[in-house]
Amino acid sequence: MSRFILFVAAAFFAVWHGTVSVSAQTYPQRTIKFIIPFGPGSGTDIAARLIGDKLSARWGKPVVVESRPGGDGIVSINAFISANDDHTLLLVPVGTFAVHPYSHDKLPYNADLDLVQIANVTTIILALSTPASLKLESVSDFVKLARAQPGKLNAAAAAGNSDFLLSGFLKNNDLQVAKIPYRDIMQGPNDLAEGRIQLLSSSITIVQSLMHAGKIKVLAVTSRKRAPSAPNIPTVTEAGFPAMEMESLIGVFGPRGMPNELREKLAADIKAVVAADPSIATKLQATGQVVDVRGPTEFAAGIAELRGKLANIAKALGMKSAQ
């Protein structure tokens, strides 16, 4: 009897493994959808469209990008999970959901089960920006201004680790600055340029055009190294605020239960199209992103590292994780 059970189990595994292989080899069989948490023109949107176009050519199937902003990123995550479809993928900055356990008492999803790592695509550089009209030259200048005008300044941040960094910055420096919420942070740069808010924590991508137009001053970037697209801007460590150093990963996630073989195949395809066209890296670099394609295992390790940094910030803020 035990031999019969082992035989049946082995036969089942062989059939299952063969099915997964065929699935990975024949994928995709129809249109692929990338759901993203930000609107058109964001760093995530640009990366999704550049890579999506190349994948479409490689696969011979359409790749569409659907923006689902709002709800602190939860709107896009819910749309992705509700689809329950291996042809609907989530392309999102990891920081968007990595901070949710600290900012929400209850979550409608389980990141460890519902967001299955496929590939890291880029590292996006975050920035602290102010209106050029304030004539500030450094992060220290903003701190001095905020202390001189307690309760009179406004700040905003993109959902995720940008918002988390801003909260930590304000608390650690004992600054009384009001935080203004945005459904779509793409409206933030214009408000910043017009002086309706005085500090914006976001990707450098969304402020670059107004920075070049002389309407926004980027005080510092949160990456370890200066941004290739803006080498004259100091890092937060150089500016004297090393606790704010953080790099944001942008990656692709599949639905719960997606087989590892399929995940590896998708990661390999993403890596292949990026390597085959150097202009992708050049175009993304111009938006403040650095191409950094990693497979499922390496991507998971990067997420764990980011979560560790966020946990340290949360501890400093006196925040506890809901999960």
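Visitor: Okay, so helices here are DSSP runs of H or I with at least four residues, strands are DSSP runs of E with at least two, and both are numbered from the N terminus. With that in hand, where is N84 found?

Guide: This is a predicted model, and in it N84 sits in the loop that links α3 (74–83) with β3.

Visitor: What is the phi of N84 near?

Guide: The phi of N84 is near 45°, which is positive even though the residue is not a glycine. For background, most residues other than glycine have a negative phi.

Visitor: Is N84 buried or exposed?

Guide: Exposed means over 50% relative accessible area. N84 has 62%, so it counts as exposed.

Visitor: And D174, in which loop does it lie?

Guide: D174 is in the loop between α8 (161–172) and β7 (177–179). Its phi is positive too, at about 55°, and D174 is not a glycine. With a relative accessibility of 65%, D174 is exposed.

Visitor: Let's look at the backbone bonds. Which peptide bond is cis?

Guide: Try the one from Y27 to P28: it is cis, and its omega is near 0°. P28 belongs to the loop between α1 (2–26) and β1. In general, most peptide bonds are trans.

Visitor: β1 comes right up there. How many of its residues are buried?

Guide: Four of the five residues in β1 (residues 32–36) are buried, leaving the strand mostly covered.

Visitor: Which strand does β1 pair with over five bridges?

Guide: That is β2 (residues 63–67), and the pairing is parallel. As one bridge to look for, I32 has V63 in β2 as its partner.

Visitor: What do β1, α2 and β2 make?

Guide: Together with helix α2 (residues 43–59), the strands β1 and β2 form a β-α-β unit that is right-handed.

Visitor: How many bridges join β1 to β3?

Guide: Three bridges connect β1 with β3 (residues 88–93), and these strands are parallel as well. For K33, the bridge partner in β3 is T88.

Visitor: Back to α2. At what angle do α2 and α12 pack?

Guide: The angle between α2 and α12 (residues 278–286) is about 170°, and their axes are 10 Å apart. Angles over 145 degrees count as roughly antiparallel, so α2 is roughly antiparallel to α12.

Visitor: Which residues of α2 and α12 meet?

Guide: On the α2 side they are I46, A47, L50, I51 and K54, and on the α12 side they are I280, K283 and L284.

Visitor: New topic: the inside. Which residues touch the most other members of the largest nonpolar core?

Guide: That core has 81 residues, and the ones with the most contacts to other members are F34, V94, F97, L115, F142, F169 and F253. Helix α13 (residues 296–317) is the biggest contributor to this core, giving seven residues.

Visitor: What does F97 touch?

Guide: Leaving aside residues up to four places away in sequence, F97 touches I77, V92, Y109, A111, L115, F253 and R307.

Visitor: And what does the second, separate core include?

Guide: The second core has 22 residues, among them I125, A127, Y182 and L200.

Visitor: Last one: where does P231 lie?

Guide: P231 is in the loop between β9 (216–221) and β10 (248–254). It is partly exposed, with 47% relative accessibility. If you also find G295, the C-alpha atoms of P231 and G295 are separated by 29 Å, with their positions 64 residues apart along the chain.

Conventions
Residues are numbered from 1 along each chain as its sequence is written. This is a predicted model: local features need pLDDT of at least 70, side-chain atom pairs count only at pLDDT 80 or more; totals for chains, interfaces and linings use all residues. Side-chain values use heavy atoms; hydrogens and water are left out. Buried means under 20% relative accessible area, exposed over 50%, partly exposed in between (1.4 Å probe, protein chains only). Two strands pair if DSSP finds at least two bridges between them. A crossover is right-handed if, with the strands pointing away from the viewer, the path from the first strand over the helix to the second runs clockwise. A nonpolar core is a set of buried Ala, Val, Leu, Ile, Met, Phe, Trp, Tyr and Cys residues joined through side-chain atoms within 4.5 Å. Contact means heavy atoms within 4.5 Å. Axes are lines fitted to C-alpha atoms, for helices over the stretch in contact, and angles run from 0 to 180 degrees between N-to-C directions. Angles under 35 degrees count as roughly parallel, over 145 as roughly antiparallel, 65 to 115 as roughly perpendicular and the rest as oblique.
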